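Reader: I'm new to this structure and would love a close look at one part of it. Could you pick a single residue to start from and walk me outward from there?

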Amino acid sequence: MTRLPKGARRALAGLTLLVVWETLTRTGMVDPFYLPAPTTVAAVLAELVATGEIWPHLGATALAAFAGLLIGLLLGIALGFAAALFPFVAELLEPVMILLNAIPRVILAPLFVIWLGIGLASKLALATVLVAVLIFFAVYNGVREVDQRLVERVRTLGGGQSVLVREVYVPSVTAWVLGNFKVAVGFAFTGAVVGEFVASSRGLGYLLQFAQSTYNTSLTIALIIVIMGCVLALFSLASRLERRLLAWRYQ
Amino acid sequence: MLRIRDLSVGYGEEPVLDGVSLEVGTGRFVSLVGPSGSGKTSVLRAVTSLLEPLGGTIDCDAAPTEVGFLFQDDALLPWRTVAQNVGLGLRIRNLPPDDIDRRVTSWLERVGLTGLGSRYPAQLSGGQRKRAALAQVLVLEPRLLLMDEPFASLDAIVRTRLTQELVTWVEKDGLTVMLVTHDLEEAVSVSDEVYVLGQGPRADVVAALKLALPRPRDLLQVRQHPEFPAAVNGLWQALTGAPDSEQKES
């Protein structure tokens, strides 16, 4: 028997799962109140798109997530470099970052809502903190664990601190940051959606909270699919960016 | 060119090297041999200021920018192409781009890497990476070349071929060289003088051997020279602590 390609095997498995799911709900073996049929979820999804209802919410979440990702990246990179290159900065920052890393950072969401209100700022703040802590450690460890042979090589060629940063630290850290970039994209969306879930007037998290409070399982699953689709699309973009920026690794 | 007096080097309380004195005359090829852990590499690291000596003095006629250091590992930047790696020291010295391109192209040709300049180090063989590392150092036209077992990881054929090419360049350009190696035959075949370090900790120079082997040196022919076996034997006796190992001459 000819073995199917990996993509075809995955598609077949997914299709089988959907057929089983549909059959279970249609035959009444599973209560559609708790698990509506895939076709019902698809209909809700189509309606959200057709009426245009989804777009303002998707836009709000995407704005908070992208802005949080960007600010979190910049903040994490700046703080990570500062801590790695200046010991007194590390003394101050490391305990705070370890503490922030140890706790589930989404617990900060209610505090940000109290401080910054239910608008964009509180979602942005949560997404930023989630991303910045992750990237801080990527950069901090990236600089500290840089290959010392390369550092000595550049030094013996006459390179000073600025050359080391340009030729060794930045490229080395880029690899570390891009290695964590996909996780950061996920964190940014988590921050935005959880922030909206806690308190907000729009966004996918707000819609999700509304769907949950009205026991609308079809809408809940449809929104989860939308969020998963967004993150997967961004993962794909992140992979392309990684292959472009780390071309030396893929040659 | 290089005078080291009573050098002490250590990484903790106890010195690895203690009281090491040696001299490398201008245009001479000097090797430093010794058992593993005797601190051979530490001597080179102290000369290039990668290691702060605990005591002693290092006088070098060459400015820091005129000293080239070829590491045991090729240590090429993996994210830079071969040409960019070779030109790294020239860029650090802020030379005009045209000048850098010309010199890099010339050295890539000289080390047999023509056409491979746009590749990344991971796309080269071990021997090709060593050639690139060699070009990276020699393109800076150093007056003093320090080498730490640069070809140790290569197979015998590539190693012999590369060493021969290196010796030929050194003789042609009149370079001063200090080579660290644990291979006694290699040390004798390429050098004008060989210093022997004893077993560490607190290793010291236990013997110095001046060689009168002819130049230009053919690495295969020199092994047939009548003085070659005696010189290798002398180094062996010095390393293994034979009583007549102090200050030999051949």
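Author: Happily! Let's begin with Leu126(A), which sits in helix H6 of chain A. Keep in mind as we go that this is a predicted model.

Is Leu126(A) buried or exposed? Around this residue, 30 other C-beta atoms lie within 10 Å, and 20 or more are needed to call a residue buried, so Leu126(A) is buried. To see what surrounds Leu126(A), set aside its neighbours within four places in sequence: the contacts that remain are Val106(A), Leu108(A), Ala109(A), Phe112(A), Gly191(A), Val194(A) and Gly195(A). For a sense of scale, try Pro56(A): it is 70 residues from Leu126(A) in sequence, and the two C-alpha atoms are 20 Å apart in space.

Now step along to Val131(A). Once residues up to four places away in sequence are left out, Val131(A) touches Gly68(A), Leu69(A), Gly72(A), Leu73(A), Gly76(A), Ala184(A), Phe187(A) and Ala188(A). Val131(A) also has a part in something wider, the largest nonpolar core, which has 135 residues. The residues with the most contacts inside that core are Val131(A), Ile135(A), Val139(A), Ala188(A) and Leu235(B). Helix H6 of chain A, residues 120-144, gives the most to this core, with 17 residues.

Leu235(B) brings us to the other chain, so to speak, and to where the two chains touch. There, 17 residues of chain B are in contact with 14 residues of chain A. On the chain B side, helix H3 (residues 88-92) gives the most, with three residues. Sorted by class, that side of chain B has eleven nonpolar, four polar and two charged residues.

Just past H3 you can find Asn94(B), in the loop that leads from H3 to helix H4 (97-110) of chain B. Its phi is near 55°, a positive value in a residue other than glycine. Asn94(B) has 7 other C-beta atoms within 10 Å, and that is why Asn94(B) counts as exposed. Ser49(B) makes a nice companion: its phi is near 65°, again positive in a residue that is not glycine. Look for Ser49(B) in the loop between helix H1 (40-47) and strand E4 (55-60) of chain B. Because Ser49(B) has 13 C-beta neighbours inside 10 Å, it counts as partly exposed.

Another loop of chain B, between strand E9 (205-210) and helix H8 (227-240), holds Pro216(B). The peptide bond joining Arg215(B) and Pro216(B) is cis, with omega about -5°.

Let's finish with a strand of chain B, E3 (residues 29-33). Five of its five residues are buried, so the strand is mostly covered. In a regular strand, side chains alternate between the two faces of the sheet. Phe29(B), Ser31(B) and Val33(B) are on one side of E3(B), Val30(B) and Leu32(B) are on the other, and both faces are covered.

What does E3(B) pair with? Five bridges join E3(B) to strand E7 (residues 176-181) of chain B, and the two run parallel. E3(B) also pairs in the parallel sense with strand E8 (residues 193-197) of chain B, over four bridges. Follow Leu32(B) to see both pairings: this residue stands opposite Val180(B) in E7(B) and opposite Tyr195(B) in E8(B).

Definitions and conventions
Residues are numbered from 1 along each chain as its sequence is written. Chains are lettered from A and ligands numbered from 1 in the order in which they are written. This is a predicted model: local features need pLDDT of at least 70, side-chain atom pairs count only at pLDDT 80 or more; totals for chains, interfaces and linings use all residues. A residue is buried if 20 or more other C-beta atoms lie within 10 Å of its own, exposed if 12 or fewer, and partly exposed in between; C-beta atoms are placed from the backbone. Two strands pair if DSSP finds at least two bridges between them. Two residues are in contact if their C-beta atoms, placed from the backbone, lie within 7 Å. Ala, Val, Leu, Ile, Met, Phe, Trp, Tyr, Cys and Pro count as nonpolar, Asp, Glu, Lys and Arg as charged, and the others, Gly among them, as polar. A nonpolar core is a set of buried Ala, Val, Leu, Ile, Met, Phe, Trp, Tyr and Cys residues joined through C-beta atoms within 7 Å.
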